[in-house]
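Okay, thanks for making room for me today. Let me put the model up, and then I'll walk you through cavities, contacts and a few single residues.

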Amino acid sequence: MRWVTWLVTGAMFMEILDGAIIGPALPAMARAFGVTPLELNIGISAYLLAVGIFIPASGWIADRYGTRRVFMGAIALFTVSSALCAMVHTLPSFVAVRIVQGFSGALMVPVGRLVILRKMPQERLMAAMSALVWPALVAPVLGPPLGGFIAQHIGWHWIFLMNVPLGVLALFAAWRLVPDVRGDQRTRFDWPGFLLCGAGTFTLLSGLERLAGQVDAVNLLLCGGGLVLLTAAFRHFGRASEPMLALTSLSVPTFRITVFGGTMARMAIGAAPFLLVLMFQVGFGHDATTSGLLVLALFAGNLLMKTITTQILRVFGYRRVLLGNGALCAASLVACAALNVDTPLWLTVLVLLFAGMTRSMQFTALGTIGFADIPKQDMAHANGLSNTISQLGMAAGITLAAMSVRVAHTVLDGPAANDYRIAFLVLALAVVASLVGIARLPRDAGNHFIDRGKRGR
């Protein structure tokens, strides 16, 4: 199971990286396709929308057809679609292939994580879940500089072609390692729930993406319509006899509070790399390479904190760590807001290093405690709910950051860097708001999870 954990972590990293790495290559790809970079941006949107729509169905598909078959099929489809992305020459064909790639990613990551949740011995589950948080922290930071380097020095096609040998290796490893886990009972596919949830996710994600670029009545209506559809989907899940996503996990305090309350923190934490790159380039006038290298300090902070995360949780417990580190995380975003073009390089790197460390701790603590008290038989539904809400939360975080910059630019009269400072302060407030929900956790929340992990070592 340790090798399975590494395999799933690698697959998750490949899937998240694929959504982050393409951005810097859009100008070169647009020239090859004969379109503008703005038009080609639909390729990113199509991928993220496909992932969001099909994630809720991943648990049912895995229970019906078996985790090994679904996981291997998803890896194979992701590998083939990656190769096709490098071979197509028109925008419509590229968008079509990206949708297929998003569908495969929506199965690959949640099903792989479901294998860990169901088969990992309880005493090793905390360490495994901690490893699965890693790609969500690292891939968004490494993606933009890596994508820019590949597009400039090797060719944009290799952004997709490098997935092919990795996919082949992962497919062989999955065949040898991944157990075939199925649900205890076969249920009918919940078409009403899937259609309501899929339509709501599509509408809300589309509205959030458009809202980040322009605030108008149409985009606000899309977001509102998406929320209405998702509300209807959740009402259906609560009443249906065989729902696609059962809501029983929401009765578990650690899951409910960290999924909903933690989403506010994830929104801010996830949007920080996006905002930093823009601030360094647009606000400070740095080139793309310099901006990318500076943001890598976040990655270094992640690495440093990862080595001591478990020990800190064992000493202080989940609740105190989430509250204390959450306050430090908000302070690190305020410190990012205080940066300016004249800030010494060493101080900028130190601030980013500190932000990376607090970001890593909060992400890991939220990502592991949520499943500490979930029974094994409910893992598929809890996993689907968590993945769906996380996908929406990350998109909402980018929208919140972009809208904050836009509103600040409209209201303030000054340098562009000031707009980004306001946005960082808004993200800091979002982290503070998340602490209200986290404060409701029991004092001993998740402590047994840590104790079991300790005895298992």
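So, to start us off: in which helix is the place of I61? It's in helix α5, residues 58–65. Helices here are DSSP runs of H or I with at least four residues, strands are runs of E with at least two, and both are numbered from the N terminus.

Quick housekeeping before I go on. This is a predicted model, so local features need pLDDT of at least 70 and side-chain atom pairs count only at pLDDT 80 or more, while totals for chains, interfaces and linings use all residues. Residues are numbered from 1 along each chain as its sequence is written, and side-chain values use heavy atoms, with hydrogens and water left out.

Back to I61. Buried or exposed? I61 counts as buried, because its relative accessibility is 18%. The cut-offs there: buried is under 20% relative accessible area, exposed is over 50%, and partly exposed is in between, with a 1.4 Å probe and protein chains only. Leaving aside neighbours within four places in sequence, I61 is in contact with G66, V70 and L107, where contact means heavy atoms within 4.5 Å. And if you measure C-alpha to C-alpha, I61 and F189 are 8.8 Å apart in space, with their positions 128 residues apart in sequence.

Now zoom out to the domains. The chain is divided into domain 1 (1–178), domain 2 (187–245) and domain 3 (250–456); those bounds come from an automatic or database domain assignment. Taken over C-alpha atoms, the centres of domain 1 and domain 3 are separated by 22 Å. The contact between them takes 28 residues from domain 1 and 34 residues from domain 3.

On to salt bridges. How many do we get by the rule? The count comes to 1 salt bridge, and the rule asks for a side-chain nitrogen of Lys or Arg within 4 Å of a carboxyl oxygen of Asp or Glu. The partners are E242 and R188, at 3.7 Å, N to O. E242 sits in the loop between α12 (217–239) and α13, and R188 in the loop between α10 (163–177) and α11 (191–213), so the pair ties together parts that are 54 residues apart in sequence. As for accessibility, E242 is partly exposed at 33%, whereas R188 is exposed at 65%.

Cavities next, which I suspect is what some of you came for. The structure holds 2 cavities of 30 Å³ or more. For the grid people: on a 1 Å grid over the protein atoms alone, a cavity is a set of points where a 1.4 Å probe fits but cannot get out, and lining residues have an atom within 4 Å of a point. Points are joined across faces, edges and corners, and the volume is the space filled by probe spheres set on them.

The largest cavity comes to about 60 Å³. Its lining includes I269, L298, C329, C336 and R359. The elements that give two or more residues to that lining are α13 (253–283), α16 (318–338) and α17 (345–369). Which one gives the most? That's α16, with 4 residues. By class, the lining has 7 nonpolar, 2 polar and 1 charged; Ala, Val, Leu, Ile, Met, Phe, Trp, Tyr, Cys and Pro count as nonpolar, Asp, Glu, Lys and Arg as charged, and the others, Gly among them, as polar.

Let's stay on α16 for a moment. C336 is found there, and C336 is buried, with a relative accessible area of 2%. Not counting residues up to four places away in sequence, C336 touches L276, M279, V351, L352, A355 and F424. N325 has its place in α16 too, and N325 counts as buried at 8%. With the neighbours within four places in sequence left aside, N325 is in contact with R320, T358, M361 and Q362.

The second largest cavity has a volume of about 30 Å³. M14, L17, D18, I21, I159, M162 and N163 line it. Helix α1 (residues 2–20) gives the largest share, 3 residues, and the classes split into 5 nonpolar, 1 polar and 1 charged.

Last residue: G155, in the loop between α8 (122–153) and α9 (157–161). G155 is buried, at 17% relative accessible area. The C-alpha atoms of G155 and L17 are separated by 17 Å, and the two are 138 residues apart along the chain.

That's my tour, so over to you.

Note on methods
On a 1 Å grid over the protein atoms alone, a cavity is a set of points where a 1.4 Å probe fits but cannot get out, and a pocket is an open set with protein on both sides within 12 Å along at least five of seven lines; lining residues have an atom within 4 Å of a point.
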